There are 2 protein chains.
Amino acid sequence: MPTSHRRIVLASRPDGAPREDNFRLETVPLPDLAPGQVLVRHHFLSLDPYMRGRMSDVKSYAAPQPIDEVMIGGTVGEVVASRSEQFAVGDQVLGMGGWQEYAVVVADGESATGPQRGAPLRKVDSSRIPLAAYLGAVGMPGVTAWYGLNILCEPKAGETVAVSAASGAVGGVVGQLAKAKGCHVVGIAGGKEKCDFVVRELGFDACVDYKAATTPDALQAMVRDATPKGIDGYFENVGGAVLDAVMLQMNPFGRIAVCGMIAGYNDAPTPMVLPRLILTQRLRIQGFIVSEHPALWPKALAELGAGVATGAIKYRESVAQGLEAAPGAFLGMLQGKNFGKQLVKLV
Amino acid sequence: MPTSHRRIVLASRPDGAPREDNFRLETVPLPDLAPGQVLVRHHFLSLDPYMRGRMSDVKSYAAPQPIDEVMIGGTVGEVVASRSEQFAVGDQVLGMGGWQEYAVVVADGESATGPQRGAPLRKVDSSRIPLAAYLGAVGMPGVTAWYGLNILCEPKAGETVAVSAASGAVGGVVGQLAKAKGCHVVGIAGGKEKCDFVVRELGFDACVDYKAATTPDALQAMVRDATPKGIDGYFENVGGAVLDAVMLQMNPFGRIAVCGMIAGYNDAPTPMVLPRLILTQRLRIQGFIVSEHPALWPKALAELGAGVATGAIKYRESVAQGLEAAPGAFLGMLQGKNFGKQLVKLV
């Protein structure tokens, strides 16, 4: 058994856009296991946009990430030592192990400390579903897509559904689920390569490359051209100018699920230019956090797992190598440099 | 029977804030009644903020008011001639007669032309409810309050409900219905007199005088001080800086019903400063038009009528005298110069 390992802690809160020096890589001892604990070796660490919110000390739905503690994050790995009757060496597990190579975890999660707090370790099976998918399409991002689309966007066959960050871990699933429901699906993504991917590989009907728009008016024209029948359901991952452009295309009684507003995470907040459209188009806009709806996770995960196992749900991954690559990969993801689900491979 | 009468038509669309010269008073002949028609003498004309939207030729939920046609508007009056078996001379009726002294109406409304189109004339009874109340608390404004509060804000006993334009025809009813449900109710209104009225006469727990705030920060501080437990349900009639201030006080899972955004009706649209709060507070924001929910009108009107008849629901009226006073009263209402329901008395 290793006696020490590496982890990444939040060193300081960002002032504007986060930088590498907001993080600190350290080597720390691994304690002996107490009764009920297991030692998990992390194979993959998940990087997700919500982590940006936790880095700041502002009013939000979750407590901020504490300074000098290991960064929060979902992980998949393997039990390498166990003093729990619930887990055996060799078990593959999903947890909230954080940005570190190993995690000492109380098996039922309730009394665990640090990022694992309150999140029970869960056994997973990689025989039909790749281990890393439990951090993506068959994990929190997938359930996020499932909930926001089905419960908040309420798509009906023949309607038009749009989704931003369309090639991402969440957006890609949103579009594929909407296609399966018989919707006309339009993605919004940054760059021709991502747009080609969501149309050719994921089966979207069209994709708007927002980076090809030099002005808000140009973006709006592109969204308008891609949605000739308007938009009935919109899954929002980015906010800002993209939201403004989409709102102008919303049909009466349109539904907008707000999953992310990454455009407003740094610096000055980004306003919504035309809130009056909420009234004139009778829109419903609703923010959500998928972890607050645990009752629907089993149903969602069953559908998503079946979709991935059969190949009906496709996805792409950007995999950074080694714990030391995590901060850079995370900052790149916030700028849209990733392509699909951003992971860090630790083994 | 009169052979001519006076009416007010829309002469031109406003460029920015509407002005008196956007309207034109004219005297026109009254045609003889055809079979099935009735002649209604209007006693009261209703002035409502939605009319501002109709004056402009922009994408909205309703077709714009046609130029050179009589201005749209709700009316109560009395049948003074009838060639319909459904209505007798002397019947008191509610309709969409428009800004004019008389209206020739096809009794069932379906084939009526002009502002009455599609709105069947309805008999009303002024023995227990004042005739003008059918244009206010027991009419469209009252049902608007009832729908937005009950269906969209979903208030629960002990929660805090806020409403803007609190002394108005809609806002006053919102607050009284919320009080009856056991909520802590906070109004937002312009001026000490209106604030005193909603607290002392209507029974609100508190009222914020937005005109006493010289900056957005000052307004926000006033809203914060008036809502120490945050805001769970908000009924929006104005938009702009008031909405921004309220959003900062919304509790997690708060509901906002968007009934009006009068702040953005003229000139440049007013942005929403912090849409990110929709996500961080998991808000639900929904716009609505009460005429699109006819199934709930009978239930709402029964409750509102009982409330007014028993004195449980109180309201105030601003009554302008004579048709020629309608444009000035309307423009004043858009600036908040009215106090309670704005009417024009024609008889």
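**Two chains, two domains and one helix**

Chain A is superposed on chain B by a rotation of 180° with 0.0 Å of shift along its axis, at an RMSD of 0.0 Å, the fit being by least squares on the C-alpha atoms of residues with pLDDT of at least 70 in both. The two copies are thus related as by a two-fold rotation axis. This is a predicted model, in which local features need pLDDT of at least 70 and side-chain atom pairs count only at pLDDT 80 or more, while totals for chains, interfaces and linings use all residues. Residues are numbered from 1 along each chain as its sequence is written, and chains are lettered from A in the order in which they are written.

As for the interface, 100% of the interface residues of chain A are also interface residues in chain B, so the copies meet through the same surface.

Within chain A, domain 1 covers 4-136 + 315-345 and domain 2 covers 140-291, with bounds from an automatic or database domain assignment. The C-alpha centres of these domains of chain A are 28 Å apart, and each domain gives 16 residues to their contact, where contact requires C-beta atoms, placed from the backbone, within 7 Å.

Let me turn to helix H9 of chain A, residues 326-334, where Ala326(A), Pro327(A), Ala329(A), Phe330(A) and Met333(A) are buried, that is, with 20 or more other C-beta atoms within 10 Å of their own; helices are DSSP runs of H or I, at least four residues, and strands are runs of E, at least two, numbered from the N terminus. Seen down the axis of H9(A), these buried residues fall within an arc of 165°, so they line one face of the helix, the arc being that of the directions from the helix axis to the C-beta atoms. Their cover includes strand E1 (4-10) and helix H1 (50-55) of chain A.

Methods
Two residues are in contact if their C-beta atoms, placed from the backbone, lie within 7 Å. A residue is buried if 20 or more other C-beta atoms lie within 10 Å of its own, exposed if 12 or fewer, and partly exposed in between; C-beta atoms are placed from the backbone.
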